[in-house]
Every structure is written in C-alpha cells, then in structure tokens.
Amino acid sequence: MCELLGMSANVPTDICFSFAGLLRRGGDTGPHADGWGLVIYGPEGMQEFKESSPSAASETAQRLSQSSIKGNTVIAHIRQANIGDVGLKNTHPFQRELWGETWTFAHNGQVPNLEGITLSQYTPVGDTDSEFIFCWILDELAKCFAERPTDDKEWAESVSRCCETINQRGISNILLTNGNALFTFCSTSLVWLTRKAPFGVAQLEDDDITVDFSTVTGELDEVTVIATQPLTSNETWTSMERGECRLFAEGKTLWSTKTTPVPHKPANEQGK
C-alpha cells in the first residue's frame, strides 16, 4: 500500500524528522518504490518536490530529510503503483487551483468503481483513480461555493460527504489542504499525534534517528503529524476510526465528524 504523511503546525516547522522515517519505506523498509512527493506550505509560499523513483534511493529526498525548509502545512506521499503507470504524471501529491488557492491532495487506496461519477471543471492529467477523485471533489466544492468560505469547516463538511460517497466504492484514505487547513479522511488506516510542551525525545521506527524536541522547539509550539502508520516507536499515536474525518489547522483539531464506515480489507491492495 502507499503511505501518507501530513503535518499541521502553529509555527513554521521543518518536516525533516518525520520525512526521514517515511522515505525509508519508499523502497527500503517498505515496498513503496514507485515515486514520492512532498508539498510544503510556508510563510513565503508553497514548494513542491516530486520524483517517480524510490524515495529511499533519492538524493533529493535525502537532502530534504536533512534540510531546514519550514512550513505550517505539509503533505507527503510514497507510492506503490497499482492503477496508473509509474511516472511523474501519476505521482502524488496532486495539485489544482480553486478560489485563487493551490489545493494539494494525496490518496492511499484503490477505488476501481467510479462509474456514474462525472467531471466538469477539472480534468486529470494522469490515469490514476486518485487524481480523478481529487478532480471530482474540487468540482463538487466549486458547485457548492462560488467563492472560498470564510470558515474552513464549511468546505470540510462538503468534502466529508464526497469522501463518504467514494468510500462506498473502494479504499480511500485522504489528505487534502488549501495550505491553511489540513483535511484528513480515514477509510482503513490513519494515525496522528500532537507534539507540544513538555516536549520529549522521539525515536524513528524505520531508522536509528532520535530527536529531543525540547531542544528544537519553542514552549508555545504545537505540531500535529498524520501518517498511515506510526513513524516513531516511543510515542503514543491516535488511530482514526474508519469513516472519520478530521480537520487540522495550526496544529489543533478544528472539526471532526464520522461518516458511515465500510468494512474494507486493509490488505496490500492499497497500492496507488
């Protein structure tokens, strides 16, 4: 299966520690060797990095895992291809413009049954079900709201209804952001944790790397990390329930709801 990584923080924060754990799973400690992507929304704008090669063998990914690029909202993805060829056009995260904002989307799962769902304003560039779903969600948002709602919870409620529809047709763990708020939907597996004072030491699950966050964070910092599976071995991660949606901003949960869960099998068919 593919794996997702998201971050929401109240201060510009680097993702290097969590990303270092994720990239090892891209062809080394995991089978997700068909591409990787990282999108960072920071104070000066958005930065995107993508390759269709394994992240574990990527010099660019290694540099990013050691960099000090900071952002408030992050989405990353490592791919195990299933629907759609290996290539940049099918590499997550995907991006589109809506209401003058750049939206970013990443998906873990398979939704082979999209019959009857039609697109209007947005069109996929690649041939994955994931990008098709992203385009459909943005189409639905554009129909619901002529302009960006002032409250992010409004668009999140509309997206939750889209996720419930898609979840009936296949596995669809989702991360979606406009750079301000980070929407998450759990179809089969998503976990999250919030780091805030008093900060402690964290140990990566997939690498011999530890960080004492008390030495690199401020007392008021609050950072929430979302992942497909726990990235650290000595922290308590909260598992999202199947059908659960959660919206994060500045490291906090703004809103959550539960849709109708579907008993999907969380097996290896979660490739993307």
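Seven strands make an open sheet in this predicted model. The order across the sheet is β3-β2-β4-β1-β12-β9-β13, and the pairing is antiparallel. At the edges stand β3, residues 45-51, and β13, residues 238-239. Each of these has a single partner strand, so one side of each is left without a neighbour in the sheet.

Take the β13 edge. β13 is joined to β9, residues 191-196, by 2 bridges, and the two strands run antiparallel. Within that pairing, Trp192 stands opposite Thr238 in β13.

Helix α1, residues 16-24, packs on this sheet. The strands that α1 touches are β1 (3-14), β2 (36-42), β4 (70-78), β9 and β12 (222-227). The direction of α1 makes about 170° with that of β1.

Staying with α1, there is an aromatic contact to look at. The count of aromatic pairs in the model comes to 9. One of them is Phe19 with Trp36: the ring centres are 5.9 Å apart and the planes are at 55°. Pairs count as edge-to-face over 60 degrees and as stacked under 30, so this pair is tilted. Phe19 lies in helix α1 and Trp36 in strand β2, so the pair ties together parts that are 17 residues apart in sequence.

Next, the second sheet. This is an open sheet of 6 strands, in the order β5-β6-β7-β8-β14-β15, again with antiparallel pairing. Here β5 and β15 are the edge strands; each has a single partner strand, so one side of each has no neighbour in the sheet. From one strand to the next, the twist averages 20°.

As a general remark, strands of a sheet pair through backbone hydrogen bonds.

At the β15 edge, β14 (residues 244-249) and β15 (residues 252-258) are joined by 6 bridges and run antiparallel. Cys245 stands opposite Thr257 in β15, and Ala249 has Lys252 of β15 as its bridge partner. The two strands form a hairpin with 2 residues between them. In the turn, Glu250 has a positive phi of about 55°.

This sheet also has a helix on it. Helix α4, residues 152-167, lies across β6, β7 (173-177), β8 (182-185), β14 and β15. Relative to β8, α4 runs at about 25°.

Now the backbone geometry. Most residues other than glycine have a negative phi, and most peptide bonds are trans. Where does this model depart from that? The peptide bond from His92 to Pro93 is cis, with omega near -10°. Pro93 lies in the loop between β4 and β5, the latter being residues 94-98. The bond from Ala197 to Pro198 is also cis, with omega near 0°, and Pro198 is in the loop between β9 and β10 (201-203). As for phi, Trp99 has a positive value near 55°. Trp99 lies in the loop between β5 and β6, where β6 is residues 101-108.

Last, the empty space. How many cavities of 30 Å³ or more does the structure hold? There is 1. About 40 Å³ of space lies in the largest cavity. Its lining consists of Asp14, Ile15, Cys16, Leu38, Ile40, Leu64, Ser67 and Ile69. By class, those residues divide into 6 nonpolar, 1 polar and 1 charged.

The largest pocket has a volume of about 390 Å³. Which of its 23 lining residues are the closest to its centre? They are Thr13, Asp14, Phe213, Val216 and Thr217. Three elements give two or more residues to the lining of the largest pocket, namely β1, α1 and β12. The largest share, 5 residues, comes from β1. The lining of the largest pocket divides into 14 nonpolar, 5 polar and 4 charged residues. Asp14 appears in the lining of the largest cavity and also among the residues closest to the centre of the largest pocket.

Key:
Residues are numbered from 1 along each chain as its sequence is written. This is a predicted model: local features need pLDDT of at least 70, side-chain atom pairs count only at pLDDT 80 or more; totals for chains, interfaces and linings use all residues. Side-chain values use heavy atoms; hydrogens and water are left out. Two strands pair if DSSP finds at least two bridges between them. Helices (H or I, at least four residues) and strands (E, at least two) are DSSP runs, numbered from the N terminus. Contact means heavy atoms within 4.5 Å. Axes are lines fitted to C-alpha atoms, for helices over the stretch in contact, and angles run from 0 to 180 degrees between N-to-C directions. On a 1 Å grid over the protein atoms alone, a cavity is a set of points where a 1.4 Å probe fits but cannot get out, and a pocket is an open set with protein on both sides within 12 Å along at least five of seven lines; lining residues have an atom within 4 Å of a point. Grid points are joined across faces, edges and corners, and a volume is the space filled by probe spheres set on the points. Ala, Val, Leu, Ile, Met, Phe, Trp, Tyr, Cys and Pro count as nonpolar, Asp, Glu, Lys and Arg as charged, and the others, Gly among them, as polar. Rings of Phe, Tyr and Trp (its six-membered ring) pair if their centres lie within 6.5 Å; planes under 30 degrees apart count as stacked, over 60 as edge-to-face and the rest as tilted.
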